[in-house]
Amino acid sequence: MRQRHRSPRLLGSGGGAMRRRTLLLVAAAGISAVGAAPEAPTRTPTPLGRVVPAPASVAPDGTAFRITPTTRIQVDRNTERIGLYLAGILRPSTGYRLPVTSRGGSDAIRLRLGSRDKALGGEGYRLDSGKHGVTITARTSAGLFHGVQTLRQLLPAAVEKRTVQPGPWPVAGGTIKDTPRYGWRGAMLDVSRHFFTVDQVKRFIDELALYKLNKLHLHLSDDQGWRIAIDSWPRLTEYGGSTQVGGGPGGFYTKADYKEIVRYAASRHLEVVPEIDMPGHTNAALASYADLNCDGVAPPLYTGTEVGFSSLCVDKEVTYDFVDDVIRELAALTPGRYLHIGGDEAHSTSHEDYVKFMDRVQPVVARYGKTVIGWHQLTGATPAKGALAQYWGLDETGAEEKAQVARAAQNGTGLILSPADRIYLDMKYTKDTPLGLDWAGLVEVDRSYDWDPADYLPGAPSSAVQGVEAPLWTETIVTTSDIDHMVFPRLPGVAELGWSPAATHDWDTYKVRLAAQAPRWDALGIGYYRSPKVPWPAE
């Protein structure tokens with residue numbers, strides 16, 4: 001297997017950060033921009049149906065639009081920010097000025113909010129393309145932003161490059177009407193086992209946004225490192241954040257850093273879901289504060305990869321003072337609805353103590369205005385009203401454990417599906433994959449795609465399934481290139497499971513659409529695993 005390496009960069013940018021280009025119009029054989037590369041003689045438009053995730057409805061009409069030096073991006077005050085974002089993507093590669101303006105007329109990309117089509121819901125959009133322009137309409141900014149991601153995929157892959165490329169820039173004619181199947185479409189990044197900088201997280205956010213994911217779950221604490229500043233317990237980061245798997249300096253996010261991640265994610269219409277894992281996976285906290293240990297003795301920092309050996313002391317009141325402070329400060333930084341309290345692999349906590357702990361902690365989350373999420377072991381206690389359980393078991397997980405989760409779902413607990421032997425992004429593709437683990441098995445790209453969330457968990461009503469989330473644990477993941485190699489090509493398939501109608505789900509057609517994404521990843525500098533399961537374009 002060959003692993004590609006690309007120079008990491010952010011995959012999308014706002015118009016305010018773009019260098020302004022000077023446009024010189026010349027009346028000649030055509031109209032071109034100074035600095036624009038000469039156009040290739042022909043370029044076949046990307047078919048409307050080649051988008052990932054697959055749109056809900058596609059109606060081609062054969063009349064293509066072509067972006068030219070006179071094209072503008074038409075906005076109003078409610079859509080200007082998304083217009084600037086789109087311009088920031090299109091200007092470097094086309095070399096065109098593409099003014100973001102309220103002026104009407106033809107030869108425009110029009111961004112419109114306020115559609116009366118209630119079927120579009122909170123994240124849907126409609127894209128109409130024809131000879132005189134492209135119009136994207138939606139009821140919300142999120143829907144409009146998702147429509148822009150579709151427009152990106154309809155343009156030639158070279159549009160993603162940051163230098164001027166040869167045109168032309170056609171958009172196939174017709175109409176796409178699109179809405180998501182599930183409201184929860186996410187990915188998790190473990191920043192505890194290996195720390196990743198704010199810029200690295202932003203790059204990951206851009207990768208998620210390209211495929212219409214809307215949740216970024218950040219695993220902020222574990223045995224190997226504590227990654228978020230808590231003013232009332234400063235040693236959590238000063239000491240607990242000072243290492244990572246294999247040693248090394250670790251790191252942490254200041255509150256300003258975390259706010260910047262939240263802001264950037266919101267600009268891409270992703271909600272940040274922070275996780276503080278407890279009562280297990282807590283060695284970094286236990287090492288930082290001896291009082292959190294039942295014997296009052298702080299263990300050493302941990303840089304290995306074993307699990308299940310640590311636990312907060314359930315019988316000490318200081319434990320709940322600690323939990324209250326952490327949740328209070330983190331909730332104040334997080335505008336989103338949810339706060340994840342972990343709860344997995346608490347092997348050093350008795351069942352009785354686990355139930356006692358969760359009964360004390362879940363109301364704290366509610367007190368600070370957030371909704372509880374826990375790994376599916378939370379269903380072994382009593383999930384709070386409205387809580388979500390994140391299932392990470394395997395196809396072959398025991399029937400009783402699955403039945404426990406299903407009973408909770410029958411009683412109103414919502415489910416996020418993250419089966420480890422399907423969509424854990426840290427699982428090896430094959431036995432020869434140089435990165436990742438294989439405790440859940442080998443997960444090739446077809447296996448990660450070819451299952452249906454609606455009927456995955458026996459006994460759980462399909463109405464309980466809120467969506468899907470692909471976790472990336474980082475025991476072996478150190479660099480941005482490592483992230484890209486394990487995330488691609490599996491992430492787009494997870495996105496399609498979360499977005500596209502069940503009727504569109506077909507591996508044989510999907511793998512062709514997936515293969516067509518490769519030139520775009522090359523243009524974006526995303527290194528990926530060239531699975532033999534996929535008919536990639538010749539290099």
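## Two packed helices

Helix axes here are lines fitted to C-alpha atoms over the stretch in contact, and the angle between two axes runs from 0 to 180 degrees between their N-to-C directions. The model is predicted. In it, helix α5 (residues 255-267) packs with α7 at an angle of about 45 degrees. Their axes are 10 Å apart. Angles of 65 to 115 degrees count as roughly perpendicular and those under 35 as roughly parallel. The α5 and α7 pair is therefore oblique.

Which residues meet? From α5 and α7 come two short lists. Lys255, Tyr258, Lys259 and Val262 sit on the α5 side. Glu329, Leu330 and Leu333 sit on the α7 side. An α-helix has 3.6 residues a turn, so residues three or four places apart point the same way.

## Asp324 in α7

Helix α7 also holds Asp324. Is Asp324 buried or exposed? Its relative accessibility is 15%, so Asp324 counts as buried. Leaving out residues up to four places away in sequence, Asp324 touches Val364, Arg367 and Tyr368.

## Nonpolar cores

The largest nonpolar core has 139 residues. Leu216, Leu218, Trp226, Ile228 and Phe322 touch the most other members. Helix α7 (residues 317-333) gives this core its largest share, eight residues. Another core lies apart from it, with nine residues. Among them are Ala420, Tyr424, Met427 and Val443. In soluble globular proteins, nonpolar side chains tend to be buried together.

Look at Leu216 in the largest core. Not counting residues up to four places away in sequence, its contacts include Ala187, Val201, Phe204, Ile205 and Leu208. Leu216 also touches Ile261, Leu270, Glu271, Val272 and Val273.

## One disulfide

How many disulfides does a search of the whole structure find? It finds one. This disulfide joins Cys294 to Cys313, with an S to S distance of 2.0 Å. Both cysteines lie in the loop between α6 (283-288) and α7, so the pair ties together parts that are 19 residues apart in sequence.

The torsion about the S-S bond is about 105 degrees, so the disulfide is right-handed. The two partners differ in accessibility. Cys294 has a relative accessible area of 59% and is exposed. Cys313 has 4% and is buried.

## Asp222 and Arg193

Asp222 lies in strand β12 (residues 221-222). With a relative accessible area of 1%, Asp222 is buried. Its side chain makes a polar contact with the side chain of Arg193, at 3.1 Å.

What else does Asp222 contact, leaving aside its neighbours within four places in sequence? Besides Arg193, the list holds Ser192, Asp277, His281, Asn283 and Ala284.

## Pro419 in its loop

Pro419 is in the loop between β18 (414-417) and α10 (420-423). Its relative accessibility is 0%, so Pro419 counts as buried. Pro419 and Gly393 are 26 residues apart in sequence. In space they are 5.2 Å apart, C-alpha to C-alpha.

Gly393 is also one of the residues that Pro419 touches, not counting residues up to four places away in sequence. The others are Tyr391, Trp392, Tyr424, Trp451 and Tyr456. Tyr424 belongs to the core of nine residues described above.

## Helix α14

Helix α14 covers residues 507-515. Its buried residues are Trp507, Tyr510, Arg513, Leu514 and Ala515. What covers them? The cover includes α11 (445-449), α13 (490-499) and α15 (518-524).

Technical notes
Residues numbered from 1 in each chain as written. Predicted model: local features only at pLDDT ≥ 70, side-chain atom pairs only at ≥ 80, totals over all residues. Heavy atoms only, no water. Buried < 20%, exposed > 50% of the residue type's maximum accessible area, 1.4 Å probe, protein only. Helix = DSSP H or I, 4+ residues; strand = E, 2+ residues; numbered from the N terminus. Contact = heavy atoms within 4.5 Å. Polar contact = N/O pair within 3.5 Å; in protein donor to acceptor, adjacent residues only side chain to side chain. Core = buried A, V, L, I, M, F, W, Y, C linked by side-chain atoms within 4.5 Å. Disulfide = S-S within 2.5 Å. Parallel < 35°, antiparallel > 145°, perpendicular 65-115°, else oblique.
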